[in-house]
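Thanks for making time this morning. I would like to take you through one structure, looking at its pocket and then at its aromatic side chains.

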Amino acid sequence: MNHHPTLTDSAAEEDKDDVGTCSVCLVAFSASEADHVPRLLKCGHSFCTACLTRLLDATPSTPTPTNSNSEAELEEATRPLRCPKCRTVTRVRLVDGEAAAPAEGVKGLPRNFDLIDLLSSSSSSAMRQPRPTVETSAAAAAALKCANCSQAAAEKFCEQCGGAHLCMACDAQLHGFPALRSHVRVASADAPEPRAACEHHRAKKVEMWCERDGVAVCVVCLVAGPHKGHDAVTIEEAEQRVREAARVELAQVEAAMGEVEAAVERQAAREAAEQASAREARAAIKQHFDQMREAVAQRERVLGAEVDEWERTTAEAAAKRQAQLAEAHTRLAAAGKALQQQQLLQCGGLGRSATWGDSAAVCQAARTAAAAAAAAARGMQASSIALTSEDTWAEAVGSSGRLERRTAAAGGVVRDYTVMTAAQRTLGSVDQFRRPWAVAVDAAAGHIVVADCSQVHVCRADDGSCVRTWGTTPGSGAQIGTLWGVAVDHANGHIVVTDIYSHRLHVWRADDGSFVRTFGSRGSGPGQFQCPRGVAVDKAGHIIVTDSNNHRVQVWRAYDGSFLRTFGSRGAGPGQFQQPAGVAVDAATGNIIVADSGNHRVHVWHADGSFVRTFGSRGHGQDQFNSPAGVAVDTAGNVIVADWGNHRVQVWRAYDGSFLRTFGSQGGGPAQFNRPTGVAVDAATGHIIVADSSNKRVQVW
C-alpha cells in the first residue's frame, strides 16, 4: 500500500529540489498558464500539466469496464500514469479512451495549491477566491467559479487545499485521493475569512502557530524558513488554547467581579451602619448633655431660690431695725421738744405746766430706747451671699462621656489605637502576683490566663477576679519550675505553658486545671529545649515554641505532644535568632510572629518555616526595640509588641512591618510599665492585656 503524503509534504519534497520548476521540462510552474499549472500525483510529486499530458498520451490504454447503469451512462476507463520520479502509478480517468471533460484526464488531477501559493503572490488571487459575504450579491456569489476546473460554480471550500473553492465534481475527485480525504470542507458561503499573509512568504497564509516565538507562521517557515525545527501547532489549536485561556480568565474575572460586587455591598452596609452609629452617637450625646443641662438648670434654680430666701430674710430684718430706729428717733424728738419748752418757762410757769419729773422720765425712756436701737444697729454686721464653685466641676463636665471607636471585624473587635490614653483597669497586686511573665485569653470561657513565675492563675476577663490557681503538677506531686510563656489550645480545651528551668512544656485542662501531659527535655537535639520561653497554638493544631538558648523555633503536635520540626538558627542575619522570646500566630494568614529579643527585632515567618520579613532595630526611638519580649496579633493583623527594655508597648502592621504607634511609659502608676514581658489580645472586646512583670500586675487597655 502506497503512502500518500499531504500537500504540505509535497511542498516540502519539491523544496528539496527546484521548487519553482517542473523537473521534467524544467519550465517554471505558473498559476495562470494552464499548461504549466502544477498537478499533484498520488505519490505527492508535482509536474506541470503539459508534461503529464504528454506522459499520459504516451501510455497504452488499458480500459477498465465499469457499471453500465451509471448515471452518465458512459463507458468509463482509467489509464495508468507513472510518476517520472518514483514510478508510482496514478490512475487517470478517461472518457471513450480519450482524456476529456474538465474533471477527467490530467486536468482532473488536483492542483498543488500550496506550491502555487509558494511560487508567487499573484497566484494567490487566482486560486484563493474571496469568501461570499452577506453583502455580496447573489449574482456575485453564483459567479464564484471552481478553482480547479474554472468552469463550474464553486460550492465547497477547503482551507487545507490552499483555501480553494471547488465545484462538487472537483471536490469529490480531488478529495478522493487518500492524502486529501481527511480534509475538512465547508460550504463556500461558510468559508472563513482569509488568513493573513506570512511576513516571510507573502504568497503563503499563516496556518501554524510557533510556540517558541509566539507568532503565526506559514508551513514553509516551519519546513525551511526562520522557524524551522520549532514546536508548532495549528492556528485552530492555538486559537482553541486562547479561547480556553480566555474562558478561564473570564471565569476568574467574573469571580473577582462577584467578590468586588459583594465587597461593594458590604461597604454600603458598613457605611449605612457607620452612619446609623453616628446618628445614634449624636442622639446619645444630645440626651447626655440635655440631662446635664437639665441638672445644671435645676441646680441653678435651687441656688437661686436659696438666694431669694436669704434676700427676703435679710430684708425683713433690715425693716425691723429701721422701725426700731425710727421709733427711737421719734421718741427722742418728742423728748427734745419737751425740754426746749421747759427752757422757755417764765417765772411762775412751773406751776402751770407738767411737772419736771414727768418730763425727765419721758426723756430717760427716749434715751434708753435710742441707746438700745443704736446698740442693736452697731452689733449687726453687713451680711453677704456668694456662690462657691467646686474646683473639679469643669474637669467633671469636660470628661463627662467618652467615645469608643470600634470597628466590627471577623472574629472580634479592632481597636483604634489613636485614642488609647490610659489603662482601663488593673488585675492583681503585689500580694497576688509574684512575677507575671505572660498572659493569654481563653475566649470561650471569658478568662485571662496568667503565667506567674511558678503558678498559673485563671482570672475573669470582665472583672479580673481569680477563678482558680495551681502551682504543682497534679497527680505527680512535682513542683513546677519557672513558667514563662502561656497559650490556650482552643481546639483541645488545654492550657499550655513553658517551663524555662525544667526545659519542658506542661499541658493542663482549661476547664478544671487537671494535668494532661509534659513533653520535652533538656538538650540541643530535635525535641529538646534550652530555656523554652514563648508558646502559641495555631489553627492546624500545632504548638509553636521559642527555644531561646538554642536560638530556634520548634513545632509540635498539640494533641499528643509529638515533635514535628524546627526552623531558624543562631545569628543576626535574616531568619536567624539571638535568644528568641515571645511568639504569636496571625490567625488570618497563619504566619508566625517571633520576638527576636537578643537582636532587638521582630520576625515574620510562613507556617511552613520559610522566612518572610524582619522589622525593628535596637534603640529607644518610636520604631525601635530594646529586648522585645511578648508579641500578639489582633483581628486587624496588627502586631502588638511588649518592648521590655523601653517599658512600653508598640503596635506594627504585620503585612508590611510598618510602625503605627506606642503607648505607656516607665513607672508604677496608671498607664505605666516596668519591664512588660507578655501581651495578648481579647478578640471579643479588642482589649490588649499586658503582663506588667516588675510592677507585679496585669493591665487591660
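What follows is a short account of the largest pocket, the aromatic pairs and two charged groups placed over rings.

Please keep in mind throughout that this is a predicted model.

Let me begin with the pocket, the largest of which has a volume of about 1100 Å³. Its lining is made up of 46 residues, and those that lie nearest the centre are His490, Val537, Val585, Val633 and Val681. If we ask which elements give two or more residues to this lining, they are the strands β14 (436-442), β18 (483-489), β24 (532-537), β30 (580-585), β34 (628-633) and β40 (676-682). As for the character of the lining of the largest pocket, its residues divide into 29 nonpolar, eleven polar and six charged.

Turning now to the rings, the count of aromatic pairs comes to eleven. One of them joins Trp508 and Phe515 in an edge-to-face arrangement, with 6.5 Å from centre to centre and 70 degrees between the planes. The two partners can also be described by their accessibility: Trp508 counts as buried because its relative accessibility is 0%, under the 20% limit, whereas Phe515, with a relative accessible area of 28%, is partly exposed. Elsewhere, Phe519, Phe529, Trp556 and Phe563 are linked by ring pairs into a cluster.

Finally, there are the charged groups. The charged end of Arg533 sits over the ring of Trp484, at 4.6 Å from the ring centre, and the charged end of Arg675 sits over the ring of Trp644, at 4.4 Å from its centre.

Conventions. Residues are numbered from 1 along each chain as its sequence is written. This is a predicted model: local features need pLDDT of at least 70, side-chain atom pairs count only at pLDDT 80 or more; totals for chains, interfaces and linings use all residues. Side-chain values use heavy atoms; hydrogens and water are left out. On a 1 Å grid over the protein atoms alone, a cavity is a set of points where a 1.4 Å probe fits but cannot get out, and a pocket is an open set with protein on both sides within 12 Å along at least five of seven lines; lining residues have an atom within 4 Å of a point. Grid points are joined across faces, edges and corners, and a volume is the space filled by probe spheres set on the points. Helices (H or I, at least four residues) and strands (E, at least two) are DSSP runs, numbered from the N terminus. Ala, Val, Leu, Ile, Met, Phe, Trp, Tyr, Cys and Pro count as nonpolar, Asp, Glu, Lys and Arg as charged, and the others, Gly among them, as polar. Rings of Phe, Tyr and Trp (its six-membered ring) pair if their centres lie within 6.5 Å; planes under 30 degrees apart count as stacked, over 60 as edge-to-face and the rest as tilted. Buried means under 20% relative accessible area, exposed over 50%, partly exposed in between (1.4 Å probe, protein chains only). A charge sits over a ring if NZ of Lys or CZ of Arg is within 6 Å of the ring centre and within 35 degrees of the ring normal.
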